[in-house]
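I sat down with this model to look up its pockets, core and charged pairs. These are my notes, in the order I took them.

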Amino acid sequence: MILAEKIMNLRKRNGWSQEELAAKLNVSRQSVSKWESAMSVPELDKILQMSRIFEVSTDYLLKDENETEDFAPVPAGAQGLAAEDRPLRRVSMEEARAFISAQQEAAGKIAFGVVLCILSPVLLILLGGLAENPQYGLRISENVAGGIGVTALLLFVAAAVAIFIFWNTRLERYEYLEKENFDLEYGVAGMAREGLEAVTPGCTRRIIAGVTLCILSAAPIVLAAIFTENELTLLVCVDVLLVLVAAAVYLFVTAGMSREMYEKLLQEGEYTARNKGLNKLIEKVGAIYWPLVLALYLCWSFSGFTYVEGAGIERTGAIWGVSWIIWPVAGVLFGAIAGVCRIVKKEQR
């Protein structure tokens, strides 16, 4: 075992992120990353500091033939540790490359599935508007328009769910990277670090473009509300909003998954030893939260509304053109719930 591997193993044994170890040694996180990927060697004074911090001998750190050391007990406050009486799972270069390849292939497909979910009510909204405005040439009843629109919506959602299930099954074998602590074989950390640095500029551009699209997505509705009172125009603008949001979400998902695969391997960001325990909590909350959101969405959408037209005539219709707002609101609310979980977990440490 070389020095780079020993530093990484000792850091993870104590449940520290690279940032936390860097702060203890008064160096940058990049310095720690280079040590662990064998791209550079720490100076002697830093090795002496690590000997004291990790409570190991300098011989253990410096001599490659020293594979074992009598470690002092891990502090009781260390979080997210694997069982202390067994070695951590080791990830080989071959397995790391296979994971990266699978994640890259899945990113675009999963993002497309999310896009299908967002676009699912577009045809329903458009046909509903055309049915209520026969002067535009499409003479169909509201029932026919609703039937076609709901059928299209269900087909889009079914296709999206099939995509999610298929790719989740393909990636299931790599779930331990997200939920467990592990060690990397020699060279894997350096490869992952180079990959992360290579994709970061592109991910940043995609996020900027996605945020821009989200901001601009409301512009058509605002302009239509100012310059026209035509109901069909407003509904078309709602469809345009959904298309722009779908494009933005596609960029967000692909950018996030491109960075995520390298952060999982490096156990950084959301995948540090401490955050893995927190992610498990958020996952349990999400398993209850999102089914409830879906149930609310379907109940509200199918319940419809009743209004009076003309001389006291009551008409009832589904409200898919309105109920879609549940999803962005639910997403923002879930982010707040996750934030509360992080604060509570942090205070318990």
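What follows are my entries on the pocket, the cavities, the core, helix 1, the salt bridges and the cysteines.

**Entry 1: before anything else**

I reminded myself that this is a predicted model. I read each entry below with that in mind.

**Entry 2: the largest pocket**

I went for the open space first. The largest pocket comes out at a volume of about 2400 Å³. I counted 49 lining residues, and those closest to the pocket centre are Ile110, Val114, Phe164, Val253 and Trp290.

Next I asked which elements give two or more residues to this lining. They are helix 6 (93-119), helix 8 (142-171), helix 9 (176-179), helix 12 (231-266), helix 13 (273-303) and helix 15 (326-348). Helix 12 gives the most, with 11 residues.

I also sorted the pocket lining by class. I got 33 nonpolar, 7 polar and 9 charged residues.

**Entry 3: closed spaces**

How many cavities of 30 Å³ or more does the structure hold? I found 3. The largest cavity has about 60 Å³ of space. It is lined by 13 residues, and Glu5, Glu36, Glu185, Tyr186 and Gly187 are the closest to its centre.

Helix 1 (3-13) and helix 10 (188-217) are the elements that give two or more residues to this cavity lining. By class, I noted 7 nonpolar, 3 polar and 3 charged residues in the lining of the largest cavity.

**Entry 4: helix 1**

Since helix 1 turned up at the cavity, I checked how covered it is. Of its 11 residues, 10 are buried, so I wrote it down as mostly covered, with buried meaning under 20% relative accessible area. The buried set is Leu3, Ala4, Glu5, Lys6, Ile7, Met8, Asn9, Leu10, Arg11 and Lys12. I noticed that charged residues are among them, including Glu5, Lys6, Arg11 and Lys12. Glu5 I had already met as one of the residues closest to the centre of the largest cavity.

Just after helix 1, I flagged Gly15, which takes a positive phi of about 70°.

**Entry 5: the nonpolar core**

The largest nonpolar core has 43 residues. The ones with the most contacts inside it are Val91, Phe99, Ile100, Leu177, Leu184, Tyr262 and Leu265. Helix 6, helix 7 (122-131), helix 8, helix 9, strand 2 (182-184), helix 10 and helix 12 each supply at least two residues of this core.

Which helix gives the most to the core? Helix 12 does, with 12 residues. I put that beside my pocket entry, where helix 12 also gives the most to the lining.

**Entry 6: salt bridges**

Side chains of opposite charge can pair when their charged atoms come close. I got a count of 9 salt bridges and looked up some of them.

Arg29 and Glu268 meet through their side chains at 3.6 Å, N to O. Arg29 lies in helix 3 (residues 29-36) and Glu268 in the loop between helix 12 and helix 13, so this pair ties together parts that are 239 residues apart in sequence. I then checked whether each partner is buried or exposed. Arg29 is partly exposed, with a relative accessible area of 22%, whereas Glu268 is buried at 7%.

Glu105 forms a salt bridge with Arg170, with the closest N and O atoms 3.7 Å apart. That links helix 6 (Glu105) to helix 8 (Arg170), 65 residues apart. Both ends count as partly exposed: Glu105 has 37% relative accessibility and Arg170 has 38%.

Glu178 and Lys264 pair up at 3.4 Å, N to O. Glu178 sits in helix 9 and Lys264 in helix 12, so parts 86 residues apart in sequence are tied together. Glu178 is partly exposed at 26%, and Lys264 is buried at 7%.

Salt bridges that share partners also join Glu19, Arg29, Arg193 and Glu268 into one network.

**Entry 7: cysteines**

Last lookup: how many disulfides does the structure hold? The count is 0. I checked accessibility for two cysteines. Cys117 has 32% relative accessibility and counts as partly exposed. Cys299 has 54%, and because the cut-off for exposed is over 50%, Cys299 counts as exposed.

Conventions:
Residues numbered from 1 in each chain as written. Predicted model: local features only at pLDDT ≥ 70, side-chain atom pairs only at ≥ 80, totals over all residues. Heavy atoms only, no water. 1 Å grid on protein atoms, 1.4 Å probe; cavity = no way out; pocket = protein on both sides within 12 Å on 5 of 7 lines; lining within 4 Å. Points joined across faces, edges and corners; volume = space filled by probe spheres on them. Helix = DSSP H or I, 4+ residues; strand = E, 2+ residues; numbered from the N terminus. Disulfide = S-S within 2.5 Å. Buried < 20%, exposed > 50% of the residue type's maximum accessible area, 1.4 Å probe, protein only. Salt bridge = Lys/Arg side-chain N within 4 Å of Asp/Glu carboxyl O. Core = buried A, V, L, I, M, F, W, Y, C linked by side-chain atoms within 4.5 Å.
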